[in-house]
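Work through the exercises below with the sequence and the structure at hand. Try each task before reading its solution.

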Amino acid sequence: MAADIIPVANPLAQFAAHEAEIRNAIDRVLKSGWYILGSEVKLFEQEFAAFQGSDFCVSTASGTDAIVVALLASGIKPGDEVITVSHSAVATVAAIEQIGAIPVFSDIDPSTRCLDPRNIAPLVSPKTRAIIPVHIYGQPAPMPEIIAIAAEFALLVIEDCAQAHGAEIDGRKVGTFGDAAAFSFYPTKNLGAIGDGGAVVTSDEKIAANCRYLRQYGWKERYISFFPGVNSRLDELQASILRVKLPSLPANNARRREIARKYCAAIDRTGIVPPPLIANTLHAMHLFVVECANRDNLQQFLTDHGIATARHFPMPIHEQPAYKGRIRGADALPATETLYERIISLPMYPELTDSQVDKVCTTLKSFDSCRIS
Ligand SMILES: *Cc1c(COP(=O)(O)O)cnc(C)c1O
């Protein structure tokens, strides 16, 4: 990528912002001689649980694994159905299928782009055991409504928080509403490692204990497996790096929201539709995803002006070859399908400079959405 192109995400800029501290942390771990499940992981888990306002955090090797471990720890079994959305990263569905459970797709509510609580009840079958709402792009899903429906049908709720570190509903962090929540620390996420990482957060003591056993072969005592588990551990290097970055997460999210406000003002009269910003919720602004009837024109226009864009989810999960034609609910997702044809992600990361933000805003203002190519 040419140096003067403004990228959509920039993990290198985040490393640069913390370089000395990260190098110190890595050095500390290297010299400790302890590289797996040591003091850095333990301290990170305590610090992230405290940040969340949850009782427990159990780290894993990735966000996908965090969903897998959370589902297993909650007692979801092969053949159980889990209601989720097709408008997500494939990881959400891959994790459900990895444990032999069966994903079922609900449509989204266009006003949140998240799971539409009104669509859950009609999908519930005798096999339904859990719901995985996804706080997509950092926008909180309507958790109070989802929890109420889950309670009515005695379903577990596992929140997919991979894009929503620090997002809130009425001052309460997402990831604290359901029975458990899964986070990813993939490098470009709001809290990103320099490699893979993930975590389950919960205030349920039993689920937390199960997660701890399951992430390491089901060991309850050293080398003795009490359950069939997996190997999914965050390593000490990644934990030490996450500990360096965690204190900056609130300020970084605030910066993301500041950039979002500027973008929103810039597109006010362009026909480009901003992401929904819902009263009483704090958006983590992981991605700034706009809707545009002439999406391809907009993408070309921004490219021509040195601004990178992305189609993070170029295809809904239910239309991808691996899943097409075999997931229940996939035939009734009109809102999901409409959204996919219109969305595009603009540059969004806290280290964007004011002049870069100004350049994006000026360019957006000059976009004529009625232009037909
Ligand atoms: C990134 C992501 C995941 C998976 O996280 P990994 O750490 O990449 O395994 C799961 N769900 C959503 C919505 C994501 O964006």
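**Exercise 1. Describe helix α3 in this predicted model: its length, its buried side and its end.**

Solution.
1. Helix α3 runs over residues 39–52, which makes 14 residues. From its first C-alpha to its last it reaches 20 Å, close to the 20 Å expected at 1.5 Å a residue.
2. Next, list the buried residues, those under 20% relative accessible area. In α3 they are Glu40, Val41, Phe44, Glu45, Phe48, Ala49, Phe51 and Gln52.
3. These residues cover an arc of only 160° around the axis, so they lie on the same side of α3.
4. Lys42 and Ala50 are exposed, and they sit on the face of α3 turned away from its buried side.
5. After the helix comes glycine 53, with a positive phi near 75°.

**Exercise 2. Find which residues of helix α12 are buried, and which elements they pack against.**

Solution.
1. Helix α12 takes in residues 354–365, 12 residues, and its end-to-end C-alpha distance is 16 Å, close to the 16 Å expected at 1.5 Å a residue.
2. Its buried residues are Val357, Val360, Cys361, Thr363 and Leu364.
3. The arc they cover around the axis is only 165°, which puts them on the same side of α12.
4. On the other side of α12, the residues Ser355, Thr362 and Lys365 are exposed.
5. The packing partners of the buried residues are α9 (249–266), α10 (295–304) and β16 (343–346).

**Exercise 3. Decide whether cysteine 264 is buried or exposed, and state how far it is from cysteine 361.**

Solution.
1. Cysteine 264 is part of helix α9.
2. Its relative accessibility is 18%, so cysteine 264 counts as buried.
3. Leaving out residues up to four places away in sequence, cysteine 264 touches Pro274, Leu277 and Phe288.
4. Cysteine 264 and cysteine 361 are 97 residues apart in sequence, and their C-alpha atoms are 8.8 Å apart in space.
5. Cysteine 361 is one of the buried residues of α12, and these residues pack against α9, among other elements.

**Exercise 4. Two residues have a positive phi although neither is a glycine: tyrosine 137 and aspartate 170. Place each in its loop and classify its exposure.**

Solution.
1. Tyrosine 137 has a phi of about 65° and belongs to the loop between β6 (128–131) and α6 (143–152).
2. At 3% relative accessibility, tyrosine 137 counts as buried.
3. Aspartate 170 has a phi of about 50° and belongs to the loop between β8 (168–169) and β9 (172–173).
4. At 58% relative accessibility, aspartate 170 counts as exposed, since the cut-off for exposed is over 50%.

**Exercise 5. Describe the surroundings of the ligand.**

Solution.
1. The ligand is surrounded by 14 residues, and the closest are Gly63, Thr64, Asp160, Ser184 and Lys189.
2. Helices α4 (63–73) and α5 (90–98) each supply at least two residues of this shell.
3. Now take the contacts with oxygen atoms of the ligand. A backbone N or O atom of glycine 63 lies 2.8 Å from one.
4. From the side chains, a polar atom of serine 184 lies 2.6 Å from a ligand oxygen atom, and a polar atom of lysine 189 lies 2.7 Å from a ligand oxygen atom.
5. Taken alone, the ligand exposes 380 Å², and the protein buries 90% of that.

Definitions and conventions: Residues are numbered from 1 along each chain as its sequence is written. This is a predicted model: local features need pLDDT of at least 70, side-chain atom pairs count only at pLDDT 80 or more; totals for chains, interfaces and linings use all residues. Side-chain values use heavy atoms; hydrogens and water are left out. Helices (H or I, at least four residues) and strands (E, at least two) are DSSP runs, numbered from the N terminus. The expected span of a helix is 1.5 Å times one less than its number of residues. Buried means under 20% relative accessible area, exposed over 50%, partly exposed in between (1.4 Å probe, protein chains only). The arc is that of the directions from the helix axis to the C-beta atoms. Contact means heavy atoms within 4.5 Å. A residue is near a molecule or strand if one of its heavy atoms lies within 4 Å of it. A polar contact is a pair of N or O atoms within 3.5 Å; within protein, one must be able to donate a hydrogen and the other to accept it, and residues adjacent in sequence count only if both atoms are side-chain atoms. Accessible areas come from the Shrake-Rupley method with a 1.4 Å probe; for residues, only the protein chains shown count as cover.
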